[in-house]
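Grab a pencil and work through these short exercises with the model open beside you. Try each task before you read its solution.

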Amino acid sequence: MNPEETSKLDALAAAFADDLTELTRGVLGEGTPRFAALNMGTRVRVSPIAADERELRIPVSINGEPVLSLRARYFCCWDGSSTFLATDQADIHLHYAGIPDPLIRFEYVRRSKEPPGAHIQVHAHRDEMAYLLRLADAGRPRQGFRRRRLPRLSEMHLPVGGHRMRPALEDVLLFMQREFAITTVPGWRKVIDERLRNWREIQLMAAVRDAPEAAAEVLRTLGYTVEPPTVIRPRTAAEDVKLYWP
């Protein structure tokens with residue numbers, strides 16, 4: 001990237017970092033570490049970091065006691081046209097305090113086909129699931145028996161929503177509050193509801209952009225008059241930044 005492209009990408013990623021800081025502090029409190037953007041060459045990492053650029057986890061409390069933590073990390077890049085911001089990879093890992101292995105991993109890899117780009121991995125064990133994975137290994141002679149050890153449930157990539165409707169950080173925070181009754185600040189639900197609504201609308205607009213004819217057909221069935229343009233108008237930078245917002 002040339003210096004101008006790098007500067008523009010850094011600015012967009014920094015705005016995204018501020019957006020994530022506002023979200024987490026609006027749910028978990030002002031003591032939540034700030035997200036920051038760090039250029040790593042072809043991508044920009046957006047995550048909570050200390051002054052020495054050391055990556056931090058977000059502490060999460062239950063009944064005021066910090067027993068959980070979140071590792072939230074995004075890698076931002078240009079979209080396919082090398083013009084607008086996109087998420088290349090996202091990792092949201094839920095940890096129990098002091099345990100290096102996560103409990104659950106919510107992950108997204110933009111260009112991945114196998115495993116699915118958006119998926120969840122659960123770090124747990126169930127004998128029946130290990131048996132099924134072992135049977136699957138027997139059908140993949142070139143892969144072998146997972147390095148001669150018992151398969152783990154955490155190796156399974158559970159698909160969730162695909163590239164467009166994948167879970168957002170807001171979904172993970174809502175999941176944690178619902179299932180673990182994490183400590184939140186007053187007004188947290190309004191923060192999440194507003195941001196989830198905005199996230200869904202942005203993803204819906206992006207999906208329409210992916211398949212405009214299908215969208216037009218649905219609108220016609222609802223009684224709208226939709227005619228194809230005689231000339232395809234290029235999108236403005238502001239429009240596309242909104243559609244590609246991570």
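**Exercise 1.** How many aromatic pairs does the structure hold? Work out how two of them are built.

*Solution.* Keep in mind that this is a predicted model. The count comes to three aromatic pairs.

Step one: take phenylalanine 106 and phenylalanine 175, whose ring centres are 6.2 Å apart with 65° between the planes. Planes over 60 degrees apart count as edge-to-face, so that's the label for this pair.

Step two: place the partners. Phenylalanine 106 is in strand S6 (residues 104-109) and phenylalanine 175 is in helix H3, so the pair links parts 69 residues apart in sequence.

Step three: go on to phenylalanine 175 and phenylalanine 180, another edge-to-face pair, at 5.7 Å centre to centre and 75° between the planes.

Step four: put it together. Phe106, Phe175 and Phe180 make up one aromatic cluster. Phenylalanine 106 is buried at 13% relative accessible area, while phenylalanine 180, at 32%, is partly exposed.

**Exercise 2.** Is arginine 73 buried or exposed, and which residues does it touch?

*Solution.* Start with the address: arginine 73 belongs to strand S4 (residues 65-78). Its relative accessibility is 17%, and the cut-off for buried is under 20%, so arginine 73 counts as buried. Next, skip the neighbours within four places in sequence: its contacts are then Arg45, Val46, Ser47, Glu55, Gln89, Ala90 and Asp91.

**Exercise 3.** Find which arginines sit over aromatic rings, using phenylalanine 75 and tyrosine 108 as your starting points.

*Solution.* Over the face of phenylalanine 75 you'll find arginine 43, 4.1 Å from the ring centre. Over the ring of tyrosine 108 it's the charged end of arginine 166, at 3.9 Å from the centre.

**Exercise 4.** Look up phi for glutamate 53 and alanine 181, then say where each residue sits.

*Solution.* Glutamate 53 has a positive phi near 70°, and it isn't a glycine. Its spot is the loop between strand S2 (44-48) and strand S3 (58-62), where it is partly exposed at 47% relative accessible area. Alanine 181, also a non-glycine, has a positive phi of about 50°. Look for alanine 181 in the loop between helix H3 (169-180) and helix H4 (188-210); its relative accessible area of 45% makes it partly exposed.

**Exercise 5.** Which residues form a nonpolar patch on the surface?

*Solution.* The members are Val218, Leu219, Leu222 and Tyr224, together offering about 420 Å² of accessible area. Now zoom in on leucine 222: it lies in the loop between helix H5 (212-221) and helix H6 (237-243), and at 61% relative accessibility it counts as exposed.

Technical notes
Residues numbered from 1 in each chain as written. Predicted model: local features only at pLDDT ≥ 70, side-chain atom pairs only at ≥ 80, totals over all residues. Heavy atoms only, no water. Patch = residues over 30% accessible without salt bridge, like charges linked within 9 Å, V, L, I, M, F, W, Y side chains within 5 Å. Areas by Shrake-Rupley, 256 points an atom, 1.4 Å probe, with all protein chains shown as cover. Salt bridge = Lys/Arg side-chain N within 4 Å of Asp/Glu carboxyl O. Helix = DSSP H or I, 4+ residues; strand = E, 2+ residues; numbered from the N terminus. Buried < 20%, exposed > 50% of the residue type's maximum accessible area, 1.4 Å probe, protein only. Contact = heavy atoms within 4.5 Å. Phe/Tyr/Trp six-rings, centres within 6.5 Å; stacked < 30°, edge-to-face > 60°. Lys NZ or Arg CZ within 6 Å of the ring centre and 35° of its normal.
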